[in-house]
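Here are my notes for the bench, set out as numbered points. They deal with aromatic rings, cysteines and one methionine.

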Amino acid sequence: MNESRRILSLIKSMENPSPLGREGQEVWTLRGLYFVNLYSIVEFTVRSVVHVSLVFISDRSVCFNCLKNNFYSIALDSEFKRCKDVNEKKGLEKRIELLEKTQSTDIRAIDPNLIHMYLQNIDYDRIKLIFKCFCIDENFSSVSRQMLYLNEIKTKRNDVSHGNESAAVYGKMTRSDELEKRFEAVAVVTDFIVSKFETSLYELSFLKEERRSLYLA
């Protein structure tokens with residue numbers, strides 16, 4: 001966040017105080033690239049909290065039959081992949097094995113990098129999906145306005161990063177006061193994500209309620 005603040009300060013110092021004044025291509029480009037910087041904060045935050053959470057959960061040595069249903073989407077990743085890859089004759093057999101695993105007392109350490117492939121193009125819908133996988137409360141009403149900025153940031157970041165649009169084009173349309181609003185939105189959203197994950201781990205929300213007492217520190 002400090003890096004982004006410094007970049008925003010630099011943009012403010014370079015741009016013309018008057019919205020109607022002349023500006024150079026450098027200012028437009030820097031303002032457009034700021035969307036890439038803002039997006040990187042969001043993705044870094046999500047990847048970090050997911051990694052830490054999976055390490056935390058693995059360290060608890062949780063039995064499969066103590067987990068909530070949605071968390072099986074992560075804990076049983078290898079079983080889901082085997083169901084997908086087998087031929088038709090083995091398909092039903094693998095499905096039964098998967099269902100039996102959910103009722104077993106087996107324990108498995110979860111690779112903290114397991115779902116990194118899903119932690120790209122982070123937007124409102126992706127965050128809601130990640131929360132659902134970790135059985136985290138999905139009430140986003142307190143950050144609904146900021147989440148709308150997040151979708152815009154992701155779209156413009158992708159356009160610039162993938163060469164679909166010039167950074168200068170987006171920078172020409174967006175002055176520093178508007179960028180500051182988006183910076184503040186990212187700060188609110190990332191704080192919200194971290195707070196929700198911290199609460200979830202403290203409350204062991206990924207566990208069935210009747211099994212949580214077994215894993216209290």
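1. The structure holds 9 aromatic pairs, where rings of Phe, Tyr and Trp (its six-membered ring) pair if their centres lie within 6.5 Å, with planes under 30 degrees apart counted as stacked, over 60 as edge-to-face and the rest as tilted. F131 and F197 make one edge-to-face pair, at 5.8 Å centre to centre and 85° between the planes. This pair joins distant parts of the chain, since F131 lies in helix α6 (residues 124-133) and F197 in helix α9 (residues 176-203), 66 residues apart; helices (H or I, at least four residues) are DSSP runs numbered from the N terminus.

2. This is a predicted model, in which local features need pLDDT of at least 70 and side-chain atom pairs count only at pLDDT 80 or more, while totals for chains, interfaces and linings use all residues. Residues are numbered from 1 along each chain as its sequence is written, and side-chain values use heavy atoms, with hydrogens and water left out.

3. With a disulfide taken as a pair of cysteine sulfur atoms within 2.5 Å, the count comes to 0 disulfides. The sulfur of C66 has its closest cysteine sulfur in C63, at 5.0 Å, and is therefore too far away for a bond.

4. M147, found in helix α7 (residues 144-161), counts as buried because its relative accessibility is 0%, where buried means under 20% relative accessible area (1.4 Å probe, protein chains only). Leaving aside residues up to four places away in sequence, M147 touches Y124, I127, F140 and V189, a contact being heavy atoms within 4.5 Å.

Note on methods:
Helices (H or I, at least four residues) and strands (E, at least two) are DSSP runs, numbered from the N terminus. Buried means under 20% relative accessible area, exposed over 50%, partly exposed in between (1.4 Å probe, protein chains only).
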